[in-house]
Amino acid sequence: MRLHEYQAKEIMAATGIPVPSSRTASTPDEAKDAFTMLNTELAVVKAQIHAGGRGKAGGIKAAHSPDEAKEAAASMLGKRLVTSQTPPEGVLVRKVLVEAGLAVEKEYYLGIAIDREKKRPVVIASSSGGINIEQVAKETPELVVREHIEPVFGLQPFQARKIAHMVGVRRELVNRFVDIMLKLHILFLVNDMEVAEINPLVLVESDAFVALDAKMVVDDNALFRHDNLRRTYDPMEQDPLEYEARKAGVNYIKLDGKVGCMVNGAGLAMATMDLIKTYGGEPANFLDVGGGAGADKIKTALEVLLKDPKVEAVLVNIFGGILRCDVLAKGIVSAANELGVKVPMVVRLEGTNREEGARILNDAGLNFTVAHSMREAGELAVGMIKSNA
């Protein structure tokens, strides 16, 4: 789950990481009042969306007066902001952050993420923070420093000092930089985060470090023990179909293909998507109904899947272990009848009572094709798309 910038900064401030004074606004007039209440000569108005690249897309603007803050907010609120990290249609801006401006001397990048390959957190830092950090990492990777964290011991002060020296922090400021890094590590662990990023971490004229921007991603599987974070979830920032699936307890991610997939088990779902691509097709989604899915969840999953107008065929790939194949087949038939499914469906069942499940599907009188192997299922589903074309 992603957090908005203002939400991430609230967590940082509570952990002792300095952040600029700021206020959120949902209307241009609120932005004008926010500028006045900040009592500053310069403010920065920042669109609050779950995507980076805002500065290059007009989502961050400077304001030197309350009226300028109002004008900047009016240019963003209610508009769709398109950045390099948003869908092509952009994301609707519903809130802005009005933040007191700072006299910046130097910009750094500082973040902690999970290294899936090493199976441990890694600190990533650079002396060239800011809006071009992706370009810096690509073109001058030597400017990006990485230090892995041993999970048993956590980030050690000597590691933090090493990173500070490697990114060129002045000797007299190293302890301040280290303090922020250690606090970032603490909030990363305490809140079960996948990413905790400050970009840029700026050095201001008073020789203080301030988190000028923040990005945080929390592990969804840990939200049950973080009520405060779960309440910050913004459903308006999520694809409507993904939100509907989330409410039903279905793992669904919308993609751009034409073959809708309904599978039980994340590993089997990934293998099914690979299979579709092997035969020249593109999956329309990742959808995992879980190992113990019943008829109600199957119906919900199929309903969400079919609401995607791009879906031209459905591939159901189910392993009947906890739930028998005949029960699954009855659920699929019931859901297809109730939803009035028009697109062709390829169903591959494996596991307990597989033959009975196949019989139920074949006798249903619906547009089902029963496949006897994964390869056959993938080839049939993609073939249906190609024949339609």
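Visitor: Which residues does Val-144 touch, not counting those up to four places away in sequence?
Guide: This is a predicted model, where local features need pLDDT of at least 70, side-chain atom pairs count only at pLDDT 80 or more, and totals for chains, interfaces and linings use all residues. Residues are numbered from 1 along each chain as its sequence is written, and side-chain values use heavy atoms, with hydrogens and water left out. A contact here means heavy atoms within 4.5 Å. By that rule, Val-144 touches Ile-124, Ala-125, Ser-126, Val-136 and Ala-137.

Visitor: Is Val-144 buried or exposed?
Guide: Let's start with the place of Val-144, which is in strand β9; strands are DSSP runs of E with at least two residues, helices are runs of H or I with at least four, and both are numbered from the N terminus. Buried means under 20% relative accessible area, exposed means over 50%, and partly exposed is in between (1.4 Å probe, protein chains only). Val-144 has a relative accessible area of 12%, so the word for it is buried.

Visitor: How far apart in space are Val-144 and Ser-127?
Guide: Along the sequence, the two are 17 residues apart. In space, C-alpha to C-alpha, the distance between Val-144 and Ser-127 is 7.6 Å.

Visitor: Which residue of strand β9 pairs with Lys-162 in a salt bridge?
Guide: A salt bridge is a side-chain nitrogen of Lys or Arg within 4 Å of a carboxyl oxygen of Asp or Glu. Lys-162 has such a partner, with the closest N and O atoms 3.1 Å apart. Lys-162 lies in helix α5 (residues 157-166) and its partner in strand β9 (residues 144-148), so the pair ties together parts that are 15 residues apart in sequence. The partner is buried, with a relative accessible area of 13%, and its name is Glu-147.

Visitor: Which residue does Asp-67 form a salt bridge with?
Guide: In this pair, the closest N and O atoms are 3.3 Å apart. Asp-67 lies in helix α3 (residues 66-74) and its partner in helix α2 (residues 28-38), so the pair ties together parts that are 35 residues apart in sequence. The partner counts as partly exposed at 29% relative accessibility, and it is Lys-32.

Visitor: How many salt bridges does the structure hold?
Guide: Side chains of opposite charge can pair when their charged atoms come close. One case here is Arg-170 with Asp-207, at 3.2 Å from N to O. Other bridges share partners and join Glu-5, Lys-9, Lys-46, Arg-54, Glu-99 and Asp-213 into one network. The count for the structure is 27.

Visitor: Which helix gives the most to the largest nonpolar core?
Guide: A nonpolar core is a set of buried Ala, Val, Leu, Ile, Met, Phe, Trp, Tyr and Cys residues joined through side-chain atoms within 4.5 Å. The largest one has 41 residues, and those touching the most other members include Met-12, Phe-177 and Leu-184. Several elements each supply at least two residues, among them α1 (5-15), β7 (104-115) and α5. The top giver, with 8 residues, is α6.

Visitor: How many residues are in the second, separate core?
Guide: In soluble globular proteins, nonpolar side chains tend to be buried together. This core includes Ile-298, Ile-332, Val-333 and Ala-336. Its number of residues is 35.

Visitor: What share of the residues of the protein chain counts as buried?
Guide: The protein chain has 13 helices and 18 strands. Of its 389 residues, the share that counts as buried is 47%.
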